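Visitor: I should like to take a close look at a single part of this protein. Please begin with one loop and its proline, and then lead me from there through the rest of the chain.

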Amino acid sequence: MLLAEDGIFPITKDKEGHLLPHLPASGFNLPGTIQGEGKLCGIPSLFVRLAGCNLHCCWTSVDGRRSSCDTAYAAYEVKGAYSLTVDDIYATLLHNSETIRHLVITGGEPLLQADELKSLFSKLKQNNQYHITLETNATLFDEEVASYIDLFSLSPKLSSSHTATPASILRLNKNNIQSYIHYARLHYKDFQLKFVYSCPSDIDEIKQLLSQLENWKKEDILLMPLGGTPEILQTNTRQTLAYCLQNGWRYCDRLHISLFGDQVGV
């Protein structure tokens, strides 16, 4: 599998169980970090970040500042990527999950490596060892991959993301978003629709999208302030909160940025 620069994080041991020569980016002599966003915010977790994305996002905040994707290094400006076998990823996770049972598969866009994910998930779900969150832009859907997932974290990209995509890729694939929701409801799994707020027009676009989707509840809709740094985040926080209160949506913090700034691997 092709992993991003931070790959599997934060970890203290390699695939053979040997201690690594340096501390994780978190600064703790412990594996794991907290999930910084969504319904499981604050839950101790390990992350697997895959490299490559089918979208290219860059937002402009209400004060005119541009904010690129906070994982551009794993998406469209890929650098430091490397390959590991499914067996090596699995072994690394086992050696670093003594007290951690939540795994987050993120990117980039993980579904670009759907076949490899199926092999990895079949191992991770032996004896129901792990709770797995899949973070995806929801442009792609694979039912076999979905069968292994406990929480679908769907992050549809609004027009304010200035997304550059090939003509064959839909920035907002309503059919695939609905497929995730239907699958979650049918198979007693959970999902969240997580939107980045950058400007007032986002709210109208979210409402229009939601009007075309079925079987969601207000608590499934998360609105998150734009910002890859604490400074930019703060400029959008209050207005994001106001829209959540007006619409009954869930406010989505970016706790990892508040705790660690814009560091990679936390």
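**From one loop to the whole chain**

Guide: Pro10 is placed in the loop between β1 (2-9) and β2 (33-34). Please keep in mind that the model is a predicted one. The peptide bond that joins Phe9 to Pro10 is cis, with an omega of about -25 degrees.

A cis bond is also found further along the chain, between Gly107 and Gly108, where omega is near 10 degrees. Gly108 belongs to the loop between β7 (102-106) and α3 (114-124).

The strand β7 ends at residue 106, and Thr106 leads to another part of the chain. The side chain of Thr106 is joined to that of Glu135 by a polar contact of 2.8 Å. Glu135 itself is found in strand β8, which covers residues 131-136. Is Glu135 buried or exposed? Its relative accessible area is 15%, and because the limit for a buried residue is under 20%, Glu135 counts as buried.

The surroundings of Glu135 can be described further. When its neighbours within four places in sequence are left aside, Glu135 is in contact with Gln35, Val104, Ile105, Thr106, Pro110 and Ser153. Ser155 may be added to the picture in another way: Ser155 and Glu135 are 20 residues apart in sequence, while their C-alpha atoms are 7.5 Å apart in space.

After strand β8 the chain enters the loop between β8 and α4 (143-146), and Ala138 is found there. The phi angle of Ala138 is near 70 degrees, a positive value in a residue other than glycine. Ala138 is buried, with a relative accessible area of 0%. A positive phi is found in Asn215 as well, at about 70 degrees, although Asn215 is not a glycine. Asn215 is located in the loop between α6 (201-211) and β11 (221-225). How does Asn215 count in terms of accessibility? With a relative accessibility of 43%, Asn215 counts as partly exposed.

The aromatic residues come next. How many aromatic pairs does a search of the whole structure find? The search finds seven. In one of them, Phe152 and Tyr183 are arranged edge-to-face, with 6.3 Å from centre to centre and 75 degrees between the planes. This pair links distant parts of the chain, for Phe152 is in strand β9 (residues 151-154) and Tyr183 is in helix α5 (residues 174-186), 31 residues apart. The two values given for the pair follow a general practice: a pair of aromatic rings is described by the distance of the centres and the angle of the planes. Phe152 counts as buried at 0% relative accessibility, and Tyr183 counts as buried at 10%. Both residues also belong to a cluster in which ring pairs link Phe141, Phe152, Tyr180 and Tyr183.

An aromatic ring also takes part in an arrangement with a lysine. Lys39 lies over the face of Phe191, at 5.8 Å from the ring centre.

The loop between β9 and α5 deserves attention too, and Ser160 lies in it. Which side chains make polar contacts with the side chain of Ser160? One is the side chain of Ser198, at 3.2 Å, and another is that of Asp202, at 2.6 Å. Ser160 is buried, with a relative accessible area of 8%.

It remains to place these details within the whole. The secondary structure of the protein comes to eight helices and twelve strands. Along its principal axes, the C-alpha trace spans about 50 × 40 × 35 Å. For 266 residues, a compact globule would have a radius of gyration near 18 Å, and the protein agrees with this because its own radius of gyration is 18 Å.

Buried residues make up 54% of the 266 residues, and Glu135, Ala138 and Ser160 are among the buried residues. Among the contacts with a separation of 6 or more, 74% are between residues 24 or more positions apart. Finally, the accessible surface of the protein comes to about 11800 Å², and 51% of this surface belongs to carbon and sulfur atoms.

Key: Residues numbered from 1 in each chain as written. Predicted model: local features only at pLDDT ≥ 70, side-chain atom pairs only at ≥ 80, totals over all residues. Heavy atoms only, no water. Helix = DSSP H or I, 4+ residues; strand = E, 2+ residues; numbered from the N terminus. Buried < 20%, exposed > 50% of the residue type's maximum accessible area, 1.4 Å probe, protein only. Contact = heavy atoms within 4.5 Å. Polar contact = N/O pair within 3.5 Å; in protein donor to acceptor, adjacent residues only side chain to side chain. Phe/Tyr/Trp six-rings, centres within 6.5 Å; stacked < 30°, edge-to-face > 60°. Lys NZ or Arg CZ within 6 Å of the ring centre and 35° of its normal. Rg over C-alpha atoms; globule rule 2.2 N^0.38 Å. Areas by Shrake-Rupley, 256 points an atom, 1.4 Å probe, with all protein chains shown as cover.
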